[in-house]
Amino acid sequence: MSTDALREVTVGTGAGLDTADMVLNIGPQHPSTHGVLRLKLVLDGERVVSAEPIVGYMHRGAEKLFEVRDYRQIIVLANRHDWLSAFSNELGVVLAVERLMGMEVPERAVWLRTALAELNRVLNHLMFLGSYPLEIGAITPMFYAFRERETLQAVMEEVSGGRMHYMFNRVGGLKEEVPAGWTTRARHAVDSVRAGMADLDNVIRRNDIFLARTVGVGVLTAADAAAYGASGPVARASGLDLDLRRDEPYLAYGELDVPVVTRTTGDCHARFECLLDQVYASLDLAAACLDRVDTLRGPVNVRLPKVVKAPEGHTYAWTENPLGINGYYLVSRGDKTPWRMKLRTASYANVQALSTLLPGCLVADLIAILGSMFFVVGDIDK
């Protein structure tokens, strides 16, 4: 190349100079991407021109693995895609299988499942309530969030033996009866967490620096949220008043008064507040379920044959998981393994909105927006 062919180009300073856009990759290995997510950004100086989320780096092939494992074994695969919501992931699978088999689950198991699902929801939300402020510079909320998580983890570990992947759901109910006195200890844990939330709430909700970084930043309109199929706290922060626990009840939710936390501004702070206030609502629901469990007697599961086979057919079950709506499309050909089990995960739908939210924002705000979408990469790549 001749010297004449070379020219000096200033990259991304604007102000009327001869500039060129810069392509920047955030991830797939980056602390703010919650796992191996890649964002391909085009920048004009410090401002994002376009953003493309690129997924698939963590792909586990769980949907294909379902096809070679029986209905008991697929539970262990399903509870791992959103590793912060393992109990809820198991729940969707067993609900789909039970629906296809026309199986009636004992009432005590139904109420225990509902209580454990709400405790798992709180555990999920507390992780994001601690990690999100950390990503934009606030470390103290992480300590408060993990203190409360540990209180609930203790009762979840006592009942199931696991701290992350509980494997406590079974087709037809639960693995076993809860330990004697567990409901009382769980109720004390709920009361303790409710009291301790004041520390987390007071230190971050109205913090001036946190407000400056989140209010008016990354606004997702209700129309865009609906267009992308967003759900959960991300969608409800934009004003979409949708919650399957109230609108299409499953488990025992039809007998509970389920408060749906919504906001209208759709910015990062609204998403954070939805998550924070949902913790209080879920603690109340868990306490109500535990009170009901104490009034019930009877088994917590259905006796099954050695080999479980679902009849030929198909069904769809969906649940209000902590991060949004999860769908489970089960197709059976009468064998002991699913012919097809398709997962519709909340994070996969929610993260698509980044291509709309990020253009026009500054790089400094990019991390605040990314963290406020509350996704788990395993839930995207399944």
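This passage describes two antiparallel sheets and a pair of packed helices in a predicted model. Residues are numbered from 1 along each chain as its sequence is written, and side-chain values use heavy atoms, with hydrogens and water left out. Because the model is predicted, local features need pLDDT of at least 70 and side-chain atom pairs count only at pLDDT 80 or more, whereas totals for chains, interfaces and linings use all residues.

Helices (H or I, at least four residues) and strands (E, at least two) are DSSP runs numbered from the N terminus, and two strands are taken to pair if DSSP finds at least two bridges between them. One open sheet consists of three strands in the order β3-β4-β5, with antiparallel pairing; its edge strands, β3 (22-26) and β5, each pair on one side only. Neighbouring strands of this sheet are turned by 25° against each other on average, direction ignored, where axes are lines fitted to C-alpha atoms, for helices over the stretch in contact, and angles run from 0 to 180 degrees between N-to-C directions. Five bridges link β3 and β4, and N25 has K40 as its bridge partner in β4. On the β5 side, K40 is partnered by E52, within an antiparallel pairing of seven bridges between β4 (residues 38-44) and β5 (residues 47-54). The hairpin of β4 and β5 has two residues between the strands, and G45 there takes a positive phi near 70°.

The other open sheet, also of three strands, follows the order β8-β9-β10 with antiparallel pairing, and β8 (313-321) and β10 (340-344) are its edge strands, each pairing on one side only. Its neighbouring strands are turned by 15° against each other on average, direction ignored. Strand β9 (residues 324-332) pairs with β10 over five bridges, and the bridge partner of L330 in β10 is M341. Helix α3 (residues 86-101) packs on this sheet, touching β8, β9 and β10 (contact meaning heavy atoms within 4.5 Å), and its direction makes about 150° with that of β8.

Helices α4 (residues 107-135) and α6 (residues 182-204) pack at an angle of about 25°, with their axes 12 Å apart. They are therefore roughly parallel to each other, given that angles under 35 degrees count as roughly parallel, over 145 as roughly antiparallel, 65 to 115 as roughly perpendicular and the rest as oblique. In their contact, L112, L116, L119, L126, L129 and P133 of α4 meet W182, V190, M197, L200 and I204 of α6.
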